[in-house]
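Welcome! Below are a few exercises to help you find your way around a new structure. Try each task yourself before you read the solution.

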Amino acid sequence: MSFAATIVTLYPEMFPGHLGHSLAGRGLAEGAWSLQTVHLRQFGHGKHRAVDDTPAGGGAGMVLRPDCLAAAIDSADLHNEMPRLLMSPRGKPLTQGFVRELAAGPGALIVCGRFEGVDERVIEARNLIEVSVGDYILSGGEAAALTLLDAVIRLLPGVMGNEESGTEESFETGLLEHPHYTKPSEWEGLAVPDILKSGNHAAIDAWRRREAEKLTADRRPDLLPGTDLDHTE
Ligand code: SAH
């Protein structure tokens, strides 16, 4: 059983986007994951297939209608246990922990918002879990959905060549990753640290661990154990 992604969007042509390339693209071609897009426009009303309308109570912008969104969601062929997500800046912040959970499951339905957002009633009536990719506002949910999918797909069996590189990344250890170096061993007067050329793997591991801890303490102290904010879920 491979991971099945179903996307509800006004812009199906934005998918698979960058996920049609490189390892994710090969995974898609080889069936490690599948993609179905549901074009929200097809569920619109009238000659112009309108899916949005003015906000109740007044104010700027347009809001996606609950009836059109629900019809689009209901048209999708979904596995029972598939989570239904709505990309939303109000949602729970996307974490590597949640990404792992999704990657272990059958797939996900992902609704991409546009304009001012979606009518609150459809979130409730279709049990949509709101997920945010960060504290900033995008013009639509498509880039957010592609971000979430990218993070999930690279964890799927058979997608990344080197399984190990999936488990040693930033966040997987609870820390930001240590610095990397490669050839040439001296460049613009800057040398690769001697320890990395020592061949002493225990010492190298200890050095990397120390560097990771220093970096995390400096840049993201909130990730360290004992702080109130738990970003690993
Ligand atoms: N008026 C809304 C923002 C709407 S942006 C507010 O202030 O909360 C339009 C759409 O883009 C949203 O419905 C959502 O689907 C998507 N989007 C924007 N920023 C996002 C983010 N940080 N994470 C996930 N989705 C986002």
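**Exercise 1: A loop residue with an unusual backbone angle**

Glu188 is placed in the loop between β8 and β9 (190–191). The model you are looking at is predicted.

Task: Find the sign of phi at Glu188, and decide whether Glu188 is buried, partly exposed or exposed.

Solution:
- Step 1. Phi of Glu188 is near 50°, a positive value, and Glu188 is not a glycine.
- Step 2. The relative accessibility of Glu188 is 66%.
- Step 3. The cut-off for exposed is over 50%, so Glu188, at 66%, counts as exposed.

**Exercise 2: A second positive phi**

Task: Locate Arg49 in the chain and work out its exposure class.

Solution:
- Step 1. Look in the loop between β2 (33–39) and β3 (52–53), where Arg49 sits.
- Step 2. Check the backbone: Arg49 has a positive phi of about 50°, although it is not a glycine.
- Step 3. Partly exposed lies between the limits of 20% and 50%. Arg49 has 40% relative accessibility, so it counts as partly exposed.

**Exercise 3: Two cis peptide bonds**

Task: For the bonds from Phe15 to Pro16 and from Lys183 to Pro184, say which loop holds each proline.

Solution:
- Step 1. Begin with Phe15 and Pro16: the peptide bond between them is cis, with omega near 0°. Pro16 belongs to the loop between β1 (3–9) and α1 (22–30).
- Step 2. Move on to Lys183 and Pro184, where the peptide bond is also cis and omega is near 0°. Pro184 is found in the loop between α5 and β8 (186–187).

**Exercise 4: The surroundings of the ligand**

Task: Describe the shell around the ligand by its residues, their classes and the elements that supply them.

Solution:
- Step 1. There are 19 residues around the ligand, and Met87, Gly113, Glu116, Gly134 and Tyr136 come nearest.
- Step 2. Sort the shell by class: 9 residues are nonpolar, 8 are polar and 2 are charged.
- Step 3. Turn to the elements. β5 (84–93), β7 (129–132) and α5 (141–153) each supply at least two residues of the shell, and β5 gives the most, with 3 residues.
- Step 4. As for the space that the ligand takes, this is the second largest pocket.

**Exercise 5: Polar contacts and burial of the ligand**

Task: Name the backbone partners of the ligand in Val133, Tyr136 and Gly141, then say how much of the ligand surface the protein buries.

Solution:
- Step 1. Start from nitrogen. A ligand nitrogen atom is 2.9 Å from a backbone N or O atom of Tyr136, and a ligand nitrogen atom lies 3.1 Å from a polar backbone atom of Val133.
- Step 2. Continue with oxygen: an oxygen atom of the ligand is 3.4 Å from a polar backbone atom of Gly141.
- Step 3. Taken alone, the ligand exposes 560 Å², and the protein buries 85% of that.

**Exercise 6: The whole protein**

Task: Collect the overall figures for the protein and the separation of Gly199 and Gly57.

Solution:
- Step 1. The protein has 6 helices and 9 strands, and 39% of its 233 residues count as buried.
- Step 2. Along the principal axes, the C-alpha atoms fill a box of roughly 70 × 40 × 35 Å.
- Step 3. Gly199 lies in the loop between β9 and α6 (201–219), and with 47% relative accessibility it counts as partly exposed.
- Step 4. From C-alpha to C-alpha, Gly199 and Gly57 are 68 Å apart in space, and they are 142 residues apart in sequence.

Methods: Residues are numbered from 1 along each chain as its sequence is written. This is a predicted model: local features need pLDDT of at least 70, side-chain atom pairs count only at pLDDT 80 or more; totals for chains, interfaces and linings use all residues. Side-chain values use heavy atoms; hydrogens and water are left out. A residue is near a molecule or strand if one of its heavy atoms lies within 4 Å of it. A polar contact is a pair of N or O atoms within 3.5 Å; within protein, one must be able to donate a hydrogen and the other to accept it, and residues adjacent in sequence count only if both atoms are side-chain atoms. Accessible areas come from the Shrake-Rupley method with a 1.4 Å probe; for residues, only the protein chains shown count as cover. On a 1 Å grid over the protein atoms alone, a cavity is a set of points where a 1.4 Å probe fits but cannot get out, and a pocket is an open set with protein on both sides within 12 Å along at least five of seven lines; lining residues have an atom within 4 Å of a point. A molecule sits in a cavity or pocket if more than half of its atoms lie within 2 Å of its grid points. Helices (H or I, at least four residues) and strands (E, at least two) are DSSP runs, numbered from the N terminus. Ala, Val, Leu, Ile, Met, Phe, Trp, Tyr, Cys and Pro count as nonpolar, Asp, Glu, Lys and Arg as charged, and the others, Gly among them, as polar. Buried means under 20% relative accessible area, exposed over 50%, partly exposed in between (1.4 Å probe, protein chains only).
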